[in-house]
Amino acid sequence: MTVLPASPIERLRVLADAMRLRILLLLERGELSVGELARSLGTSQSRVSNHLRLLREAHVLRERHEGRSTLLSLAIVDDPLAARLWEALREDVARQPEAAADLERRERVLDERRGKDGDFFDAVAGRWDKIGTDFATGVARERALGALLPRGMVVADLGCGTGWVSRSLCGLVSRLVCVDRSARMLEVAASKMPPLGAGVAVEYRRGELDQLPIETGELDAAVCAMVLHHLEDLHPSLSEMRRALRAGGALCIVELAPHKEAWMKDAQGDLRLGIEPRDLVEALRRAGFEDIALESPNDLYRPRRDDGTRAELPLYLVRCRKPARD
Ligand SMILES: C[S@@+](CC[C@H](N)C(=O)[O-])C[C@H]1O[C@@H](n2cnc3c(N)ncnc32)[C@H](O)[C@@H]1O
């Protein structure tokens, strides 16, 4: 059924009522449910509903449904005649003593509405991380972090292994280069990579850290997590990382602090039992990095020993830059 617009005379008649003008003044400030509107006017829903029916028929109200609530707002802006009429009336309406009381009550009604939301989240705060993880892939909020980074970043995960770091990075950058010496590790990393968003590319390149399969200056940034303790000599690999970064490019390394778990040499292929942070900082300086900062993330590596107990090995993180003027 086509709804015919109310005639100008009908609209004038509808607007010629103090209560209906108070309603318009309240709804002009934002959406209210019928109940909230009635409370703002200090009256009952039944008394308001007849006025609402007439205002609806005059097409000056907009309705939006949210769950079981109907939210009302002013539709006057869509109608030039009603907009002109309202413009001529609204100042006078706002000056009426009832209007000030209405607006004060409206504030209290909105406070209650906010209070209800507050109580809801207070009640579920302990469970929210379970309720709030009902996302299909979870990438939407992760992408928000990527949106903070400059567009078009090319980043490498050096010694990517099965792609634990790569999986977090792939939504944040436009091109991700995964490098590892193990073909099988690269295959597993590729098989675990989540679907990529538009404008994101991931490349898998087999190669050695001391002879990176990366063009000089190709990278904006690189990460190298839990890899350096597999190397005999740090310098050739750190020099290669510097070469692969553009001037000013960032490098971040995650490493194990020195430890005594000698069994890890056989069990995990480690060549060194961790690396002294000061030695790594010095090696980075020698390789030509600057702005070197050492951090202790609140984390431990906890590999399981043969007897079922777990080692608790402190990790650290070093970030640095290739000089901007190289
Ligand atoms: C302990 S895993 C770490 C994987 C990943 N970065 C992570 O944090 O989960 C070490 C990885 O470094 C790779 N790797 C070790 N030495 C390497 C080298 N010289 N060149 C390239 N990759 C190397 C290994 O093949 C392995 O996949």
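Reader: Is Lys-322 buried or exposed?
Author: This is a predicted model, where local features need pLDDT of at least 70, side-chain atom pairs count only at pLDDT 80 or more, and totals for chains, interfaces and linings use all residues. Residues are numbered from 1 along each chain as its sequence is written, and side-chain values use heavy atoms, without hydrogens and water. The classes follow relative accessible area with a 1.4 Å probe and protein chains only: buried is under 20%, exposed is over 50%, partly exposed is in between. Lys-322 has 7% relative accessibility, so the residue counts as buried.

Reader: Which backbone oxygen lies 2.7 Å from a polar atom of the Lys-322 side chain?
Author: Lys-322 is in the segment after β11 (313–321). Strands are DSSP runs of E, at least two residues, and helices are runs of H or I, at least four, numbered from the N terminus. A polar contact is a pair of N or O atoms within 3.5 Å; within protein, one must be able to donate a hydrogen and the other to accept it, and residues adjacent in sequence count only if both atoms are side-chain atoms. The partner of the Lys-322 side chain is the backbone oxygen of Leu-245.

Reader: Which residue offers its backbone nitrogen at 2.6 Å from the side chain of Glu-240?
Author: Glu-240 sits in helix α11. Glu-240 is buried, because its relative accessible area is 13%. A polar atom of its side chain pairs with the backbone nitrogen of Leu-212.

Reader: Which residues come closest to the ligand?
Author: The shell uses a cut-off: a residue is near if one of its heavy atoms lies within 4 Å. There are 16 such residues around the ligand. The closest are Gly-159, Asp-180, Arg-181, Leu-209 and Ala-225.

Reader: How many residues of the ligand shell are charged?
Author: Asp, Glu, Lys and Arg count as charged; Ala, Val, Leu, Ile, Met, Phe, Trp, Tyr, Cys and Pro as nonpolar; the others, Gly among them, as polar. The shell has 8 nonpolar and 5 polar residues. The charged residues number 3.

Reader: How far is the side chain of Arg-181 from a nitrogen atom of the ligand?
Author: Backbone atoms also reach ligand nitrogen: an N or O atom of Gly-159 lies at 2.7 Å, and one of Ala-225 lies at 2.8 Å. For Arg-181, the atom is a side-chain N or O. Its distance to a nitrogen atom of the ligand is 3.1 Å.

Reader: What share of the ligand's accessible area does the protein cover?
Author: On its own, the ligand has 590 Å² of accessible area. Areas come from the Shrake-Rupley method with a 1.4 Å probe. The covered share is 82%.

Reader: What is the phi of Met-226?
Author: Met-226 lies in the loop between β7 (219–225) and α11 (234–244). Met-226 is partly exposed, because its relative accessible area is 25%. The residue is not a glycine, yet its phi is positive, at about 60 degrees.

Reader: Which strand holds Asp-291?
Author: Asp-291 also has a positive phi, of about 55 degrees, without being a glycine. Asp-291 is exposed, because its relative accessible area is 56%. The strand, residues 290–295, is β9.

Reader: How far apart are the C-alpha atoms of Gln-96 and Ala-190?
Author: Gln-96 is in the loop between α5 (80–95) and α6 (97–124). Its side chain has a polar atom 3.1 Å from the backbone oxygen of Asp-92. Ala-190 is 94 residues away along the chain, and the C-alpha separation is 70 Å.
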